Amino acid sequence: QVQLVESGGGLVQAGESLRLSCAASGSTFRTLYMAWYRQAPGEQRDLVAGISTGGSVNYADSVKGRFTISRDNAKNTVYLQMNSLKPEDTAVYYCYARGRISYWGQGTQVTVSS
């Protein structure tokens, strides 16, 4: 069983930055594919960025060049550095982990004002 706890969300103005963190419990973190998803009101939950066990990354087109995903296996933590934030980045951001089964965090709100 893996538990995911996100932190770092908040209210910022357009153009500012935030860093989200997701701490995972257990000893299997390095074997997990990790990702960040987001869901705006009335919208589906979409992939923002993912990172494999080997460090390969992928991003949604809408965040390429602005967001960076990284992982620290020693700290069982995955990060999402978000720069040049836009109002359309406003959403609840969810941490996701996939091993034999998938896990979701509880989500953290990111609000970007114009």
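Reader: Which residue in S8 is the bridge partner of Thr-68?

Author: That's Gln-81. Keep in mind that this is a predicted model. Gln-81 also turns up as the S8 bridge partner of Arg-19.

Reader: What makes S7 and S8 a pair of strands?

Author: The cut-off is at least two bridges between the strands. S7 (residues 67–72) and S8 have 6 bridges, in the antiparallel sense, so they count as paired. S3 (residues 18–24) also pairs with S8 in the antiparallel sense, again over 6 bridges. As for the connection, S7 and S8 form a hairpin with 4 residues between them, and Asn-76 in that turn has a positive phi of about 55°.

Reader: How do you know that S8 is mostly covered?

Author: Count the buried residues: 5 of the 6 in S8 (residues 77–82) qualify. Val-78, Leu-80 and Met-82 are among the residues that touch the most other members of the largest nonpolar core, which has 29 residues. S8 is one of the strands supplying at least two residues of this core, and others include S3, S4 and S7. Val-78 has contacts with residues including Leu-20, Cys-22, Met-34, Trp-36 and Cys-95.

Reader: Why is the link of Cys-22 and Cys-95 called a disulfide?

Author: Sulfur atoms within 2.5 Å make the grade. Those of Cys-22 and Cys-95 are 2.1 Å apart, so the name fits. Cys-22 sits in S3 and Cys-95 in S9, 73 residues apart. The link is left-handed, with -85° about the S-S bond, and both cysteines are buried. The structure holds 1 disulfide.

Reader: Why is Arg-38 called buried?

Author: Its relative accessibility is 14%, and buried means under 20%, so Arg-38 qualifies. This arginine is found in strand S4 (residues 33–39).

Reader: What makes Arg-38 and Asp-89 a salt bridge?

Author: The test is a side-chain nitrogen of Lys or Arg within 4 Å of a carboxyl oxygen of Asp or Glu. Here the closest N and O atoms are 2.9 Å apart, so the pair passes. Arg-38 in S4 and Asp-89 in the loop between S8 and S9 are 51 residues apart. Asp-89 is buried because its relative accessibility is 1%.

Reader: What makes Arg-38, Arg-66 and Asp-89 one network?

Author: Asp-89 also meets Arg-66 in a salt bridge, 2.8 Å from N to O. Salt bridges that share partners join the three residues. Arg-66 is buried too, since its relative accessible area is 11%. The whole structure has 3 salt bridges, one of them between Asp-61 and Lys-64 at 3.1 Å. Both Asp-61 and Lys-64 are exposed.

Reader: How do you know that the side chains of Arg-38 and Ser-62 make a polar contact?

Author: The distance cut-off for the N or O atoms is 3.5 Å, and one must be able to donate a hydrogen that the other accepts. The contact joining Arg-38 and Ser-62 is 3.4 Å, so it falls within that limit. Arg-38 makes another side-chain polar contact, with Tyr-93, at 2.9 Å.

Reader: Why is Ser-62 called partly exposed?

Author: Partly exposed lies between the 20% and 50% cut-offs. Ser-62 has a relative accessible area of 42%, so that is its class. Ser-62 is found in the loop between S6 (57–59) and S7. The C-alpha atoms of Ser-62 and Glu-88 are separated by 9.6 Å, with the two positions 26 residues apart along the chain counted as their spacing.

How values were computed. Residues are numbered from 1 along each chain as its sequence is written. This is a predicted model: local features need pLDDT of at least 70, side-chain atom pairs count only at pLDDT 80 or more; totals for chains, interfaces and linings use all residues. Side-chain values use heavy atoms; hydrogens and water are left out. Buried means under 20% relative accessible area, exposed over 50%, partly exposed in between (1.4 Å probe, protein chains only). A nonpolar core is a set of buried Ala, Val, Leu, Ile, Met, Phe, Trp, Tyr and Cys residues joined through side-chain atoms within 4.5 Å. Contact means heavy atoms within 4.5 Å. Lists of a residue's contacts leave out its neighbours within four places in sequence.
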